[in-house]
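Visitor: I should like to learn how the features of a protein model are read. May we go through them together?

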Amino acid sequence: MANGTLQIKAISGHAGTVPGKNTSRDYDVCKLIDVTTCIGCKACEVACLEWNGYPFRETVFDNTYQTMPDTAWNYYNLIRFNEHVNEDGTLSWLMRKDQCMHCADPGCLRACPADGAIVQYTNGIVDFQQENCIGCQYCVTGCPFNIPKFNPTTKKVHKCTLCSDRVGAGLEPACIKACPTGCLHFGTKDDMKDLAETRAAQLREHTSHKDAGVYDPPGVSGTHVIYVLHDINNPERYGGLPKDPRVPWMVRLWKGPLKWIGNFGMVAGIIGVAAHYMRFGPKAEAEPEESKK
Amino acid sequence: MTNGWVDIKNTDMMLIMGGNPAENHPCGFKWAIEAKRERNAKMIVVDPRHTRTAAVSDMYVQIRAGADIAFLGGLIRYAIENQRIAKEYLVNFTNAAFLVQEGFKLPEDGLYSGFDEESKTYDRSSWNYESGDGRATPNALPGNVAADLTLEHPRCVYQQLKRQYSRYTPEMVERITGVPKEQFLKAADLFTSIRKDGDMKNVATIIYAVGWTQHSFGTQIIRTAAMLQLLLGNVGRAGGGVNALRGHSNIQGATDMAGLFDSLPGYLKIPSVDDKDFDSWIKRTTPTSSKPADWDSWNYYSNTSKFAVSLLKALYGPAARKENNWAFDYLPKIDREYSWTHIFNEMYEGKVKGLMAFGMNAVAIGPNSQKNIDALKKAKFLVVCDIYPEETSDFWRAPGITPEETKAIQTEVYRLPGAGFAEKDGTFVNSARWLQWKWAAVPPPGDAKLDQEILSRIFLKVRELYRKEGGAFPDPILNLSWNYSIAENPSLSEVARELNGRALDTGQQLPGFAALKDDGSTSCGNWIWCGSWTEAGAMMQRRDPADPSGLGLHPNWGWSWPMNRRVLYNRASCDVSGKPWDPSRALIWWNEEQKKWVGNDVVDFKPDSPPKDHMGPFIMNAEGVGRIFAPLAAFADGPFPEFYEPTESPVENALHPKRSKNPVAERFRTAMDKYGTPEEGFTIVCTTYRLTEHYHYWTKNNPMNVQLVPEPFVEIPMELAADLGIKGGDKVKVTSARASYQAKAMVTHRIKPMTIDGKKVYQIGIPIHYGYRGIQEDAGRTARSLTNSLTPTVTDPNAHTPEFKGFLVKLEKA
């Protein structure tokens, strides 16, 4: 499913139509996180660590149920726990699984100067290729979600791969497989978007969450990880999910107009040099110094 | 569970109270989420803390720990006042219409009729039904019960129920529980909305765990829930029931197999010293039917003798014969309580000389840890079989014991290397009563051995000694049936077949407990499991996920006792005429053409009893109906539950201040058993619990779990922390009348201060998972204290479960 290589075209001994044949499918993958049914059990955290082979690391108690304050270069997936006191005095204990959002317009990729250190697959997964990483950390600056993390020992940057290795083999990401309540879903972007909107509508209609909605921020052209939130108007409450994430203007400027200005300057310089050469010819060799003596 | 895990998806309404399934049963909790997602079911969570379950609920109600009966009693009153009850169900399927005999008194002053102040027990003879034929039946249920089907007789159970809970007004609920009246009424309206205008289509479930059992009145909390469910007609139905979530993967199997001192396998009552022979034991423990004259009652326990003889045949084989009372004399007889707390109490008093602890960390799991450590110091020997070095086998170097003291301890400690769950095959019986076979994933490492090998080798050695040396009464040991292919390491499939039972003449596996006989021709190790391994094969090993009804019954997946019935009392899922209350969730129904009960689930009823015969659906009760009033000896502390304060409580009982506590709760009286009062400064209500990241006292040895929650902590309300100048992460000391506990403070909005009877009361909470052995403990990163060092040795008089929830402490910055 992930890259469309295994879609069935014909089936032996099969009467009737072949399911899915000739239908136009969007093969962008997507992870849906229904925050309203997440119980913060951290099974996804453990599955992520185990799949990626990262070892136990020491943590310290930090006055919260959250495993550690932030994701780390070897801890891609973190549930953020936030206590929010509502206007009516009731409490919302919000738990949000935080990881790379796999933006359709990835700021990290835009910012990265190293050839091949960040790639975006046709299915939407944004993947870091550590062998090409030069450790400049421009991707860290480029990410509006504060996701890429630097390993000071190897001088490489890491983040959630959306289990590109599993997805490429037709499996769901490890976190999805581990989730006990089914708050995590994985499929095509169209399907997940549809599922998410249906769930948000159900919440608006049948529960007290009248502002439920789907988080798929347009500022980064949508993401391949989307959330159903109880309150779409206040994503910041869920451990700092940005309301309108965008690729930072510095990166846009740097990789957009400035790049063109730079390119223009470079080309103009070359043209100038050529013109100068044609007009004035090669630089004359200086007269020997001795003659001055 | 009366129902099952998967069945929760069929519900319209969940009351989750005394349990925190999102954290402690995250995999099973998927079905609660499914009900929300697929049926728009509502979830009400009532808990002292805003838990992870509360986080996904539709309504969270903060309650004072231990005030549950007041809340549930208030719900009963609300349902009656607003007539949100199941009238037809109530009249026909419960004892609501039965008359209670004259002389029974409700506990308006805190005591039922029959209390003896001296012995602190009840003479329960007045807690009985009125006989329909005018004959008095002291200390036995009348065969013919007087009833009033209009439910108007002032002494009928329904009117007594109404009177009993008329005192549990919303105002009283607020005074006791701390739940504001408006919030209580909102919750009551929501929960009982499923029975609005008496409509029977919708159904509600009640889900609980040890948050209800661990009180000095725990059984009565669960009773109140069961009564509420009967009142609303929710028992026996898909999506309904009273559902206990078991806290370990095989705790259900352990109780089924008599992991309780007062029962034999299959919940047969253990003989007492007063039972002189087999017949008197069976006579005492076999109920006779008790119902209105024109009703019918199957009274399935009338078969007790068949279950008992078959058990004795399984235990003693040919040595159990009719002539020797089926070897009744071999069975242990009880003369007093032998619960966990009693064993340790007697060890502390020097009477119990040794302990074998398998699959339990005795020092950590019981109340008042220091007393248990001191008790072990007095024992001659201690055998611990576990997979990690743990607190019990290391009791002699618990914090506070000096090296000199350690040297003085004479207890001989043996540590046996057990095997972990993934290294063993056998069954788990889950909360839904499903027996599910598992295969070993890896062999036990090193010298570790399977439990059955360790136990068998000990048994065979002991038997050899008896054979050589005789002893006071060697017969039960010498004659114990031990016909396994490999005596010193029996295969568990062989044991499972033995538990199912067989016909002794043909040697064939029995198809079910209906085939059991009391003439010595059948043997069966556990009658409720009969049918789990038949001639057709190992039912418990089945793995067919098919679910033709779509109700989550999965009839060919594993096997559930009794007789693969997935929902108990499922006759009650139909009206009196035998039609399902809700055809879209039909479990069984009466088929007039076939003249029998048929359906999606296995019928939990006499299959050919037509509705017109009016046989009661609750076939395990002598009455055939659900007990709203529990007569005679059913419970030690009253036929209707009454709210009592926890043993350590910040206030007096608002209902009857002179009789604040459960008068028959068991308190221990040794020098180590101290109880705190608010006057002594113990003013904060404390409760204990588990975290989803940890599993009891095991996972402190697993780096991954330790990473997720590295250290013990104490959850403290913001306001209390501000009062005491405590910040999140500060070290704090919690002190009860028994001991002190140190950990870091987790300052939170999730526990709010409460107003109890006009008094401001704080609650705090402590996870149980830590101790003095483990990764962080061994590295010296924690204070190495046991949560249960704080808890009191007070137990429920029926189940003997200690009061771990709702005791008093002081809190200070350490």
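**Reading a sheet and a helix**

Guide: In this predicted model, chain B holds an open sheet of 5 strands in the order β3-β2-β1-β6-β7, with parallel pairing.

Visitor: Which strands of chain B stand at the edges, and why is one side of each left without a neighbour in the sheet?

Guide: The edge strands of chain B are β3 (59-62) and β7 (242-244); each has a single partner strand, so one of its sides lacks a neighbour in the sheet. On average, neighbouring strands of this sheet are turned by 20° against each other, direction ignored.

Visitor: How many bridges join strand β1 of chain B to strand β2 of chain B?

Guide: There are 5 bridges between β1 (residues 13-17) and β2 (residues 42-47) of chain B, and the two strands run parallel. Within β2(B), B:Lys42 is the residue opposite B:Met13.

Visitor: How should one read the buried residues of a helix?

Guide: An α-helix has 3.6 residues a turn, so residues three or four places apart point the same way. In helix α1 (residues 43-52) of chain A, the buried residues are A:Ala43, A:Cys44, A:Glu45, A:Val46, A:Cys48 and A:Leu49.

Visitor: Against which elements do the buried residues of α1(A) pack?

Guide: In chain A they pack against β2 (78-85), β3 (91-98), α5 (174-178) and β8 (184-188), and in chain B against α21 (703-708).

Visitor: What phi does A:Gly53 take, just after α1(A)?

Guide: A:Gly53 takes a positive phi of about 70°.

How values were computed: Residues are numbered from 1 along each chain as its sequence is written. Chains are lettered from A and ligands numbered from 1 in the order in which they are written. This is a predicted model: local features need pLDDT of at least 70, side-chain atom pairs count only at pLDDT 80 or more; totals for chains, interfaces and linings use all residues. Two strands pair if DSSP finds at least two bridges between them. Helices (H or I, at least four residues) and strands (E, at least two) are DSSP runs, numbered from the N terminus. Axes are lines fitted to C-alpha atoms, for helices over the stretch in contact, and angles run from 0 to 180 degrees between N-to-C directions. A residue is buried if 20 or more other C-beta atoms lie within 10 Å of its own, exposed if 12 or fewer, and partly exposed in between; C-beta atoms are placed from the backbone. Two residues are in contact if their C-beta atoms, placed from the backbone, lie within 7 Å.
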